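Here is a set of questions and answers on one protein chain. Look over the sequence and the structure before reading on.

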Amino acid sequence: MPEEKKYRHFIKLNKCIAGAWHAMPLLMALVILFSCEKPEPLPVLGQDPITDPLIVEDHGQALARWAEQGIRDAVLINIDTHDDIRWIPEAKIKSLKDMYSRRDWNGFTKEDPVADRTMYHEGNWIYAGARLGIIKEVYWMIPQKLFSKGRGERPSAPTEEELRRYLQSAMFSVQDIETFALEGNQFRGSFQSIPITLCGLESLPVVEGPVMLRIDIDFFPEHSKKYRVTYLTALHNMFQSLYSRNYRIQDPVVSCSVNGDYLPPHLRWLGDAVAMILENPGSLDEPPLELLTLLQEIDNAYRTVNSGEMLKFTEHYFSRYPEASMMLYKAYAYMLQGDSEKALAAAMESCNADKEYCPGLPYMGSLYFVKKQCEEGIKFFRAGYSADPAMRNGLYHFAHCLRDLGNVQEAMRYYKKDVILNGSFPTDFLIFETLFLSGEGQEAIAALDTAVRGLKRNPYAEVVNKRAADAIYAAIDYGDQNGLKEMTETLLNNRTIKQMFIDYPRL
């Protein structure tokens, strides 16, 4: 059945009824009415194949699709490490509603020239969907082990204190957190009046009507770590839990989330595995495909830093499975052995085999940056951006490497590109610091003003590394020394900066 046909039976039925009613006598109209095509039943997860699930890179791509299909008041089960329901300014919501009424689906994904790159993004697309009336309720299945004591033990309801701390870490406001309360083994409340329930594998809801299912692959690394299971076991446990609810699936979406560095590029194969299980629900009761077992074994070796085992697997099986994922793991093995030339060649081979794996190059560049081997890392960054000039991954670390090696002018270009593609914070503070250290006084002041304004607009900003903290401390010192009292007070009173003082105190 064509894809659009599946979702537009109701519209088609109405048109059929209207045409029959106005064009024919009553008896004939009734004959035609009952001859109209009836909607095909929605597939039941775990019983029926779900063919051609939408597999996307960026989370929010599903929203334009659902809007175009005319979906309204949907119940969304969101399986994700992140809530993706962050606040959007009312001006943007108004613009989105206008696009929605005009059916301007391209406008949903175009860049917004005013601020924040797009009308919505991976962190707030569920909020946008709820405000547009597409989503009426959200069940957020979290990867953390809060709804069960563990394997072999009886499930145990978490304490409200634990869950409130979890929502705090996800940057829910105090007012929103106060709406939440434990009901059984679920934590129910709302975000900006949008009903949202936290649950786990052990406490998925029973939903009578259709369900929109969205699975973000970045769920699995965190779940694997918290539950101490392999990725294949995590997949099996998740689908077993979903199957037990007999959900009627309206539109499944699988998000890979490599863009923005949410998912390591070598784990894209988990997205293919999810799609395979959706299309063949019986496969959950069968031994895993050899390729999936092999990738799991290689990843186990990677996590234990066993480069020899990684190379043994990749070299022995590559002729049978010439997969881009295999080549990327091979590149990691060479990197672990200190052979950056072979690592770069293998990563390029992976990129050439499948462009979706090209982010592996800047990812490896970032790993070299962390190891303080920027000379090696820069080769990987340049190869990745040459393969895809629009790539968002690793720009922040690449600019750091360039600056550390004395190439300040090029570092500034990549800091600015990072701001355009990934947002103002914290990179605008790095731009200020770079200009200040280069003796560019007036430009530094202008950059600092931009950085502070960007921070004020971002209620979700977090300082997550010492490099960013150092740049912000430099901004505070600069303000103190140059009489910028208002700017300094703005920084000192900011929630993000107050938390930075705790996480990254000055020595």
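## A loop residue, the sheet and the cores

Asn-393 is found in the loop between H18 and H19. The model is predicted.

Q: Does Asn-393 count as buried or exposed, and why?
A: The cut-off for buried is under 20% relative accessible area. Asn-393 has a relative accessibility of 1%. Asn-393 therefore counts as buried.

Q: Which residues does Asn-393 touch, not counting residues up to four places away in sequence?
A: Asn-393 sits in the loop between H18 and H19. Leaving out residues up to four places away in sequence, its contacts are Val-258, Asn-259, Gly-260, Asp-261, Pro-359, Pro-362 and Tyr-385.

Q: What covers the buried residues of helix H20 (residues 408-422)?
A: The buried residues of H20 are Glu-410, Ala-411, Met-412, Tyr-414, Tyr-415, Asp-418, Val-419 and Leu-421. Their cover includes helix H18 (374-387), helix H19 (395-404) and helix H21 (427-437).

Q: What length does H20 reach from its first C-alpha to its last?
A: H20 has 15 residues. At 1.5 Å a residue, 21 Å is expected. Just after H20, Gly-423 takes a positive phi of about 105°. From first C-alpha to last, H20 is close to the expected value, at 20 Å.

Q: What is the order of the eight strands in the open sheet?
A: The pairing in this sheet is mixed. From one strand to the next, the twist averages 25°. Its edge strands, each pairing on one side only, are E1 and strand E4 (181-183). The order is E1-E8-E7-E2-E3-E6-E5-E4.

Q: How many residues of strand E8 (residues 248-255) are buried?
A: Strand E1 (residues 54-56) joins E8 through three bridges, running parallel. Strand E7 (residues 210-216) also pairs with E8 in the parallel sense, over seven bridges. E8 is mostly covered, and of its eight residues the number buried is seven.

Q: In E8, which residue is the bridge partner of Ile-215?
A: E7 and E8 pair in the parallel sense. On the E1 side, Val-56 has Ser-255 of E8 as its bridge partner. For Ile-215, the partner in E8 is Val-254.

Q: In E5, which residue is the bridge partner of Ala-181?
A: E4 and strand E5 (residues 186-191) are joined by three bridges and run antiparallel. Ala-181 has as its partner in E5 Arg-188.

Q: At what angle does helix H8 (residues 160-169) run to E5?
A: H8 lies across strand E3 (135-141), E4, E5 and strand E6 (194-199). To E5, the angle is about 40°.

Q: Which helix gives the largest share of the largest nonpolar core?
A: This core has 117 residues. Phe-220, Phe-239, Trp-269 and Phe-429 touch the most other members. The largest share is ten residues, and they come from helix H15 (residues 324-336).

Q: How many residues are in the other core, which includes Trp-140?
A: This core lies apart from the largest one. Its members include Met-99, Phe-108, Ala-130 and Trp-140. The number of residues is 49.

Q: Over which residues does pLDDT stay under 50?
A: The protein averages a pLDDT of 88, and 88% of the residues score at least 70. One stretch stays under 50, and the model has 30 contacts for it beyond four places in sequence. That stretch is residues 1-35.

Conventions. Residues are numbered from 1 along each chain as its sequence is written. This is a predicted model: local features need pLDDT of at least 70, side-chain atom pairs count only at pLDDT 80 or more; totals for chains, interfaces and linings use all residues. Side-chain values use heavy atoms; hydrogens and water are left out. Buried means under 20% relative accessible area, exposed over 50%, partly exposed in between (1.4 Å probe, protein chains only). Helices (H or I, at least four residues) and strands (E, at least two) are DSSP runs, numbered from the N terminus. Two strands pair if DSSP finds at least two bridges between them. A nonpolar core is a set of buried Ala, Val, Leu, Ile, Met, Phe, Trp, Tyr and Cys residues joined through side-chain atoms within 4.5 Å. Axes are lines fitted to C-alpha atoms, for helices over the stretch in contact, and angles run from 0 to 180 degrees between N-to-C directions. Contact means heavy atoms within 4.5 Å. pLDDT is the predictor's confidence in each residue, from 0 to 100. The expected span of a helix is 1.5 Å times one less than its number of residues.
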